[in-house]
Amino acid sequence: MKNSRITFIGCGNMGRSLIGGLIANGLPVNSITGTDINAEQRQTAASQFNIEVLEDNRQAIKDTDVVVLAVKPQSMQDTLQGIKAALAQEKPLLISIAAGIQLSHLGQWAGEELAIVRTMPNTPAIIQAGATALCANRHTSETQRDLAEAIMRSVGLALWLDDESLMDAVTALSGSGPAYYFLIMEVMEKAATQLGLSQEHARILTLQTAFGAAKMVLESNQDAQTLRKQVTSPGGTTEQALNVLMDGGIEDLFVDALKAAQKRSAELATSLGGK
């Protein structure tokens, strides 16, 4: 990866998070070029990372190995059609981080023979703690797959999917998932204040408990269910609380929630590709 030239079309939050992750992992600053239609975003990226930032997408992708498409999904078709001729000449690896845009549509807009990797990162990538799923089209070589994976690993975990249709499930789980955990923390904090804790103490204890629980699962060779059972003493306080949650149908609620998000992801993919 250190010998690759990478161009970012789009220097918003997610684009800048990837740029920061790559630089933190040793990619030379002069190997990265950025573009953005927004002058303020261009200035922010240039001053934050000291990279070359251009206004012209076609100029930016000249002699590049990888083009990371970090534009809004609604802008993807117009962006790609504006650089289609340049892409045909340069033939870089395309990496899309735009939610809902399928490989077939990316190929249709950018060029059917290009190597394309579709990814689904989530917002913790901004702090290099993201979770990203990737899938590639048939023109993507093993070397290009390794390069795409290395780029996404610069901001967290990355894993490959063999079936692109599973991207909707990934969107429902990890793409939307941070919001579920934010909601749980929000609700726990509010409940703790109703039990008499101050707002500050409720917040600190809630956040540290969430962090500690996640860290335990990550560092343990046991799954979440086993760890839950280990900390649930028969007749104890934890069991009483969990009984209320289970009797309230929390498992079915989460299944229904993820199914709803998966369905909406598929609907959005259809509408975005049909522009």
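**View 1. Helix 1 and helix 2 approach within 11 Å in this predicted model.** The axes of helix 1 (residues 13-24) and helix 2 (residues 39-49) cross at roughly 15°. Angles under 35 degrees count as roughly parallel, so helix 1 is roughly parallel to helix 2. The crossing of helix 1 past helix 2 is right-handed.

**View 2. Residues at the contact of helix 1 with helix 2.** Helix 1 contributes Arg-16, Ile-19, Gly-20 and Ile-23. On the side of helix 2, the residues met are Gln-41, Thr-44, Ala-45, Gln-48 and Phe-49. By class, the residues of this contact divide into 4 nonpolar, 4 polar and 1 charged.

**View 3. An open sheet of 8 strands.** The strand order is 3-2-1-4-5-6-7-8, and the pairing is mixed. The edges are taken by strand 3 (52-54) and strand 8 (156-160). Each of these two has a single partner strand, so one side of each is left without a neighbour in the sheet. On average, and with direction ignored, neighbouring strands of the sheet are turned by 25° against each other.

**View 4. The pairing of strand 4 with strand 5.** Strand 4 (residues 66-69) and strand 5 (residues 93-96) run parallel and are joined by 4 bridges. Within this pair, Val-66 stands opposite Leu-93 of strand 5.

**View 5. Helix 1 and helix 6 against the sheet.** Helix 1 lies across strand 1 (6-9), strand 2 (32-35) and strand 4. The direction of helix 1 is at about 160° to strand 1. Helix 6 (residues 142-153) also packs on the sheet, where it touches strand 1, strand 4 and strand 5. Further strands touched by helix 6 are strand 6 (116-120), strand 7 (130-136) and strand 8. Between the directions of helix 6 and strand 8 the angle is about 150°.

**View 6. Helix 7 and helix 8, with axes that come within 5 Å.** Helix 7 spans residues 167-175 and helix 8 spans residues 177-194. Their axes cross at roughly 30°, which makes helix 7 roughly parallel to helix 8. From helix 7, the contact involves Ala-172, Leu-173, Ser-174 and Gly-175. Helix 8 supplies Gly-177, Pro-178 and Tyr-180. The residues of this contact divide into 4 nonpolar and 3 polar, with no charged residue.

Methods:
Residues numbered from 1 in each chain as written. Predicted model: local features only at pLDDT ≥ 70, side-chain atom pairs only at ≥ 80, totals over all residues. Heavy atoms only, no water. Axes fitted to C-alpha atoms, helices over the stretch in contact; angles between N-to-C directions. Parallel < 35°, antiparallel > 145°, perpendicular 65-115°, else oblique. Left-handed = near helix turned anticlockwise from the far one by under 90°. Contact = heavy atoms within 4.5 Å. Nonpolar A, V, L, I, M, F, W, Y, C, P; charged D, E, K, R; others polar. Pairing = 2+ DSSP bridges.
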